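Work through these exercises with the model open beside you. Try each task before reading its solution.

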Amino acid sequence: MVDVAQMESLDDRSIDVLENNTERDAQQQQRQFNAVGQQALSVSLSDGGRKTIGNAIYKSIKTVLLTKKFNLLIPFGPLAILVQKQTGQDGWVFILGLLGIMPLAERLSYTTEQLAFHSGPTVGGLLNATFGNATELIISIYALRTGQIRVFKLSLLGSILSNLLFVLGCAFFFGGIVRKKQVFNKGMAVVSSGLLLMMVMGLLFPAFLHDTHTEVQFGMSELNLSRSSSCIMLAAYVVYIIFQLKNLNDLEESQNRENSEDDEEEEAPEITKWESVIWLAITAAAISFLSEYLVDAIEGASLAWGVPVAFITVILLPIGGNTAAVTTSVMFAMKNKLDVSLAVSIGSSTQVSMFLIPFCVVMGWIFGRPVDLNFQLFETATLFMTVLFVAFMLQEGTSNYFKGLMLIFCYLIVSASYFVHKDPLS
């Protein structure tokens with residue numbers, strides 16, 4: 001009996017041990033299964049995260065670069081650099097570089113507008129005013145940095161002439177085709193015309209002082225007058241920006257009342273705020289890099305084509321920077337939003353004349369470069385007649401297709417005059 005009891009107790013202990021081992025094996029297998037599941041889940045989440053980031057990058061590239069056929073011209077920029085490295089033919093470098101910088105300037109304007117969507121009307125208007133002439137600013141700063149002061153002056157002069165005559169003329173013409181008569185804010189147009197006339201005054205006196213040889217100190221009076229006038233023009237532009245921002249809401253309300261019959265849905269941003277900032281930096285860097293080859297090829301292109309440097313710099317070079325201005329002003333004019341078209345054309349000219357030019361004069365003063373406001377008599381005369389004609393076109397506060405046609409014809413006359421004008425300082 002004792003042996004039987006001992007055997008039963010041994011069997012019970014062996015059964016307990018077997019059950020414990022089975023439980024431990026089951027727990028270990030469960031832990032292994034959980035570990036494998038967590039690892040698989042983390043891998044799937046990381047793959048999903050990478051796919052999400054990849055999809056976001058692809059969507060951003062597609063929205064910014066692949067949605068417009070005009071962006072097919074972007075490869076001409078790298079091609080211009082390649083031609084310069086391999087052949088050194090400045091004529092082809094200038095043409096290819098100009099074609100390549102046109103879509104970049106348009107994309108720079110696009111990213112600025114997208115960023116303005118996220119910033120509200122006041123900050124958005126300030127952003128558009130700041131980056132509206134970024135292409136011209138980049139080109140002029142490079143020309144100034146490399147000592148090509150004449151190219152710097154002529155390029156900014158060409159930007160003003162192009163905006164006042166060609167860009168505004170296209171807006172009036174195409175807007176007048178869609179609607180027989182259009183009305184814009186006469187008060188702001190008169191203010192902008194006054195600033196442009198102030199700019200002409202600042203450029204006219206140094207040119208007359210130089211050509212009449214009536215300087216008190218030869219070589220210094222002209223420079224001192226230019227620097228003091230530049231400081232005054234900068235102060236006037238700062239006050240103008242403050243005035244414009246304070247009256248922005250009133251202008252928008254009046255524009256909404258005038259266009260209440262065209263009930264259109266408010267446009268939404270196509271890219272996010274940080275995407276706008278990143279693309280703004282990328283396009284600005286690309287324009288800065290390409291503008292070096294474009295500016296350096298001007299003199300060689302002039303020799304290769306037998307065309308004056310003034311014609312290339314004043315007429316052809318601004319095409320790259322003003323491509324976006326033309327499309328934007330025409331688009332808004334055809335939507336009967338002529339105040340926006342005037343802000344693009346007249347506002348851009350005002351910024352170049354009252355900010356960029358005097359700002360570069362002051363920067364040259366700081367860094368010891370003799371940059372003045374003497375654009376020479378012929379160039380100043382064309383600018384004076386242009387501003388006078390545009391001010392006359394704006395005094396009624398209305399536009400039609402014939403006014404636009406007159407502005408375009410005037411631009412053709414200016415272009416022809418620079419084609420036969422040999423700049424003695426180039």
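**Exercise 1. What volume does the largest cavity have?**

Solution. This is a predicted model, where local features need pLDDT of at least 70, side-chain atom pairs count only at pLDDT 80 or more, and totals for chains, interfaces and linings use all residues. Residues are numbered from 1 along each chain as its sequence is written, and side-chain values use heavy atoms, with hydrogens and water left out.

Step 1. Fix the term. A cavity is a set of points, on a 1 Å grid over the protein atoms alone, where a 1.4 Å probe fits but cannot get out. Grid points are joined across faces, edges and corners, and the volume is the space filled by probe spheres set on the points.

Step 2. Search the whole structure. One cavity of 30 Å³ or more turns up.

Step 3. Read its volume. The largest cavity has about 90 Å³.

**Exercise 2. Describe the lining of the largest cavity.**

Solution. Step 1. List the lining residues, which have an atom within 4 Å of a point. They are Thr135, Glu136, Ile139, Ser155, Leu156, Ser159, Leu317, Pro318 and Gly321.

Step 2. Assign them to elements. Helices here are DSSP runs of H or I with at least four residues, strands are E runs of at least two, and both are numbered from the N terminus. Two or more lining residues come from each of α5 (134-145), α6 and α12 (309-334).

Step 3. Sort by class. Ala, Val, Leu, Ile, Met, Phe, Trp, Tyr, Cys and Pro count as nonpolar, Asp, Glu, Lys and Arg as charged, and the others, Gly among them, as polar. The lining has four nonpolar, four polar and one charged residues.

**Exercise 3. Check the span and burial of α5, then of α3.**

Solution. Step 1. Compute the expected span: 1.5 Å times one less than the number of residues. For the twelve residues of α5 this gives 16 Å, and the end C-alpha atoms are 16 Å apart, which agrees.

Step 2. Test burial. Buried means under 20% relative accessible area, exposed over 50%, and partly exposed in between (1.4 Å probe, protein chains only). Nine of the twelve residues of α5 are buried, so α5 is largely enclosed by the rest of the structure. Among them are Thr135, Glu136 and Ile139, which also line the largest cavity.

Step 3. Look past the helix end. Gly147 follows α5 and has a positive phi, near 85 degrees.

Step 4. Repeat for α3. Its 28 residues should span 40 Å, and its end C-alpha atoms are 40 Å apart, in agreement. α3 is mostly covered, with 21 of its 28 residues buried.

Step 5. Take one residue of α3. Ile95 sits in this helix (residues 90-117). At 35% relative accessibility, Ile95 is partly exposed.

**Exercise 4. Which residues touch the most other members of the largest nonpolar core?**

Solution. Step 1. Define the core: buried Ala, Val, Leu, Ile, Met, Phe, Trp, Tyr and Cys residues joined through side-chain atoms within 4.5 Å.

Step 2. Rank the members. Of 81 residues, Phe94, Met199, Leu342, Leu383, Leu394 and Tyr418 touch the most others. The largest share of this core, twelve residues, comes from helix α6 (residues 149-178).

Step 3. Separate the rest. A second core of six residues includes Cys170, Ala325, Val326 and Ile408.

Step 4. Follow one residue of α6. Val167 is found in this helix. At 0% relative accessibility, Val167 is buried. Leaving out residues up to four places away in sequence, Val167 touches Ser162, Asn322, Ala325, Val326, Ser329 and Ser345; contact means heavy atoms within 4.5 Å.

**Exercise 5. Compare the surroundings of two residues with positive phi, His213 and Asn336.**

Solution. Step 1. Recall the background. Most residues other than glycine have a negative phi.

Step 2. Take His213. Its phi is positive, about 55 degrees. His213 lies in the loop between α7 (186-211) and α8 (221-246). At 62% relative accessibility, His213 is exposed.

Step 3. Take Asn336. Its phi is positive, about 65 degrees. Asn336 lies in the loop between α12 and α13 (338-366). At 13% relative accessibility, Asn336 is buried.

How values were computed:
1 Å grid on protein atoms, 1.4 Å probe; cavity = no way out; pocket = protein on both sides within 12 Å on 5 of 7 lines; lining within 4 Å.
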